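This report describes a single protein chain. Please consult the sequence and coordinates shown here alongside the text.

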Amino acid sequence: MKDAKAADAERSYGYALLRGIADVAHDLIAALDRDFRLLYANDAYVREYRDLWGHDLREGENLLEPMAQWPEEQQKARDVWGRALAGETFSETLHFGPTEKKQRLYDLRFNPVFDDRGHQIGAAHIFHDVTEQTRMETSLRESKERQEFLLTLTDTLRSLADPVEELDQALQLLIQHLGLVRAAFYEVADDQDNVQLVVGVGRDSIEWPKRLKMSDFASDVAKSYRSRTNYVIDDAETDQRLSDEGRGVIRSLGVRSLAGVPCSRTIGSSWS
């Protein structure tokens, strides 16, 4: 049998070898004991933790405590580590970060850690940042969807001669493409404030108002139109720019969000 000294030497060698391998890996690797104290973290993990939470994490330190000023993120970390510390092996894709701007998307893999007698002593995870990869995949998918939409739109409108029918079909396709509740095309009068409905479509039977004044929505809507700037209302119930009348019109449409987009035509002007 090996004596204790030889066994310790082997363990030290194995630990040093493991650390060396982990430190050259691109993945971020860490292990905690059952009290959320850090048993091990490779260099990449320590750097990422410092970039996110502004703290140099050290072995023996509680992983969660430096995150105390971000309680939601701290609880999120506690929950996923808690599952692994309860013996679960799983994968998860989650956002982590102190602010929305600094949030990153991570692919995480967790598993419990056992000693040589089969007793669980903690948990480990390996993860990597997939923010840019996911962003690129999303951009490519959206670009493909836009191209498919434009091809469908072109094919549909090619056979139509009636301008109103063209608008109707274009708006129907736009609703499907963007997942909208309804859309409309308004002709803008010479005063660049009054508008008249040309075509209005939707997923239900609610009708668009036939005539509107942009200034009835809010004092700066007409100004936005004249400067060819989109006017976006995320929540009509809380948007302080809206007049009571404008808020009422949006309520009558059965929606809380609305976007006005200036459109150019060969003859006249429009707002949809």
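In which element is the place of Gln74? Gln74 belongs to helix H3. The model is predicted, and all values below are computed from it.

## The setting of Gln74

Gln74 has a relative accessibility of 16%, and because buried means under 20% relative accessible area, Gln74 counts as buried. Leaving out residues up to four places away in sequence, Gln74 touches Leu64, Glu65, Met67 and Ala68. Leu63 lies eleven residues from Gln74 along the chain, and the C-alpha atoms of the two are separated by 9.3 Å.

## The largest nonpolar core

The largest nonpolar core has 30 residues, and the members that touch the most others are Tyr45, Leu63 and Trp81. Two or more residues come from each of strand S1 (28–33), strand S2 (38–41), H2, H3, strand S3 (90–96), S4 and S5. Helix H2 gives the most to this core, with six residues.

Which residues is Tyr45 in contact with, leaving aside its neighbours within four places in sequence? The contacts of Tyr45 are Leu28, Ile29, Ala30, Leu57, Leu63, Trp81, His125 and Phe127. Two of the names in that list, Leu63 and Trp81, also stand with Tyr45 as the core members that touch the most others. Another core, of 22 residues, lies apart from the largest one and includes Tyr186, Tyr225, Ile233 and Val249.

## The cavity

The structure holds one cavity of 30 Å³ or more. The space in the largest cavity is about 180 Å³. Its lining is made up of 16 residues, of which Tyr45, Trp53, Phe96, His125 and Phe127 are the closest to the centre.

Which elements give two or more residues to the lining of the largest cavity? They are helix H2 (43–53), helix H3 (71–85), strand S4 (104–114) and strand S5 (120–129). H2 gives the most to the lining, with five residues, and H2 likewise gives the most to the largest nonpolar core. By class, the lining has 14 nonpolar residues, one polar and one charged.

## Salt bridges

The count of salt bridges comes to 15. In one of them, the side chains of Arg256 and Asp235 meet at 2.9 Å, N to O. Arg256 is in the loop between helix H8 (244–252) and strand S10 (258–260), whereas Asp235 is in the loop between strand S9 (231–233) and H8, so this pair ties together parts that are 21 residues apart in sequence. Arg256 is partly exposed at 45% relative accessibility, and Asp235 is partly exposed at 22%.

Arg251 forms a salt bridge with Glu237, with 2.9 Å between the closest N and O atoms. Because Arg251 lies in helix H8 and Glu237 in the loop between S9 and H8, the pair ties together parts that are 14 residues apart in sequence. Both partners count as partly exposed, Arg251 with a relative accessible area of 49% and Glu237 at 33% relative accessibility. A further salt bridge joins the side chains of Arg241 and Asp239 (2.7 Å, N to O). Arg241 is partly exposed at 35% relative accessibility, whereas Asp239 counts as buried at 12%. In addition, Arg104, Asp129, Glu132 and Arg135 are joined into one network by salt bridges that share partners.

## Backbone angles in two loops

Which loop holds Gln192? Gln192 is placed in the loop between strand S6 (182–188) and strand S7 (194–202). The phi angle of Gln192 is near 55 degrees, a positive value in a residue other than glycine. With a relative accessible area of 27%, Gln192 is partly exposed.

Arg228 is found in the loop between helix H7 (221–226) and S9. Phi of Arg228 is near 55 degrees, which is again a positive value in a residue other than glycine. At 43% relative accessibility, Arg228 counts as partly exposed.

Notes
Residues are numbered from 1 along each chain as its sequence is written. This is a predicted model: local features need pLDDT of at least 70, side-chain atom pairs count only at pLDDT 80 or more; totals for chains, interfaces and linings use all residues. Side-chain values use heavy atoms; hydrogens and water are left out. On a 1 Å grid over the protein atoms alone, a cavity is a set of points where a 1.4 Å probe fits but cannot get out, and a pocket is an open set with protein on both sides within 12 Å along at least five of seven lines; lining residues have an atom within 4 Å of a point. Grid points are joined across faces, edges and corners, and a volume is the space filled by probe spheres set on the points. Helices (H or I, at least four residues) and strands (E, at least two) are DSSP runs, numbered from the N terminus. Ala, Val, Leu, Ile, Met, Phe, Trp, Tyr, Cys and Pro count as nonpolar, Asp, Glu, Lys and Arg as charged, and the others, Gly among them, as polar. A salt bridge is a side-chain nitrogen of Lys or Arg within 4 Å of a carboxyl oxygen of Asp or Glu. Buried means under 20% relative accessible area, exposed over 50%, partly exposed in between (1.4 Å probe, protein chains only). A nonpolar core is a set of buried Ala, Val, Leu, Ile, Met, Phe, Trp, Tyr and Cys residues joined through side-chain atoms within 4.5 Å. Contact means heavy atoms within 4.5 Å.
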